[in-house]
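Me: I would like a close look at one kind of side-chain pairing in this model, with the cut-offs spelled out as you go.

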Amino acid sequence: MALDPAEQHLRHVEKDVLIPKIMREKARERCSEQVQDFTKCCKESGMLMVVKCRKENSALKECLTAYYTDPAFYEECKMEYLKEREEFRKTGIPTKKRLQKLPTSMRFYSLESAVFIGQNKFQHLTPIPLITDKPE
């Protein structure tokens, strides 16, 4: 049974685990100032962070809670999840794999250095450095 890529139905695990995970990640990005303030306070306070960082902790909780309880934010994250799921169902490639960098061996060739030999295959003539991780 093939799954329809555009289907909008969500399973229990998607509603209660996967979408909230996206919400947490995006909320931490959007509350990055409060996260930085709290982290800095914790590093400076050491063992006394529970007492000394209450203000920063409260500000962080308030910011995160505002996002967690916002229905529009939930819908935004839900649509992002559905888009990723649809793309996965079409391609079979998870988002993480699609966004990873090309292997180093593939980054040294360009189409200008290749000759088309039919059926979408190329034969590389000479390597042309495009992106290098190490200075030469």
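Which residue forms a salt bridge with Glu86, and how far apart are the closest N and O atoms?

Reply: The partner of Glu86 is Lys90, and the closest N and O atoms of the two are 3.4 Å apart, where a salt bridge is taken as a side-chain nitrogen of Lys or Arg within 4 Å of a carboxyl oxygen of Asp or Glu. Please keep in mind that the model is predicted, that local features need pLDDT of at least 70 and side-chain atom pairs pLDDT 80 or more, and that totals for chains, interfaces and linings use all residues. Numbering starts from 1 along each chain as its sequence is written, and side-chain values rest on heavy atoms, with hydrogens and water left out.

Glu86 and Lys90 are about one helical turn from each other, because they lie 4 residues apart in helix 5 (helices are DSSP runs of H or I, at least four residues, numbered from the N terminus). With a relative accessible area of 24%, Glu86 is partly exposed, whereas Lys90, at 55%, is exposed; buried here means under 20% relative accessible area, exposed over 50% and partly exposed in between, with a 1.4 Å probe and protein chains only. Elsewhere, Lys26, Arg30, Glu76 and Glu80 are joined into one network by salt bridges that share partners.

Within that group, the side chains of Lys26 and Glu76 meet in a salt bridge with an N to O distance of 3.8 Å. This pair links distant parts of the chain, since Lys26 belongs to helix 1 (residues 12-30) and Glu76 to helix 5 (residues 71-91), 50 residues apart. Its two members also fall into separate accessibility classes: Lys26 counts as buried, at 17% relative accessibility, while Glu76, at 34%, counts as partly exposed.

A further salt bridge brings together the side chains of Arg11 and Glu14, at 3.5 Å from N to O. Here the acidic partner is the buried one, Glu14 having a relative accessible area of 1%, and Arg11 counts as partly exposed, with 46% relative accessibility.

To place these pairs in context, a search of the whole structure finds 7 salt bridges, among them Glu86 with Lys90, Lys26 with Glu76 and Arg11 with Glu14.

Technical notes:
Helices (H or I, at least four residues) and strands (E, at least two) are DSSP runs, numbered from the N terminus.
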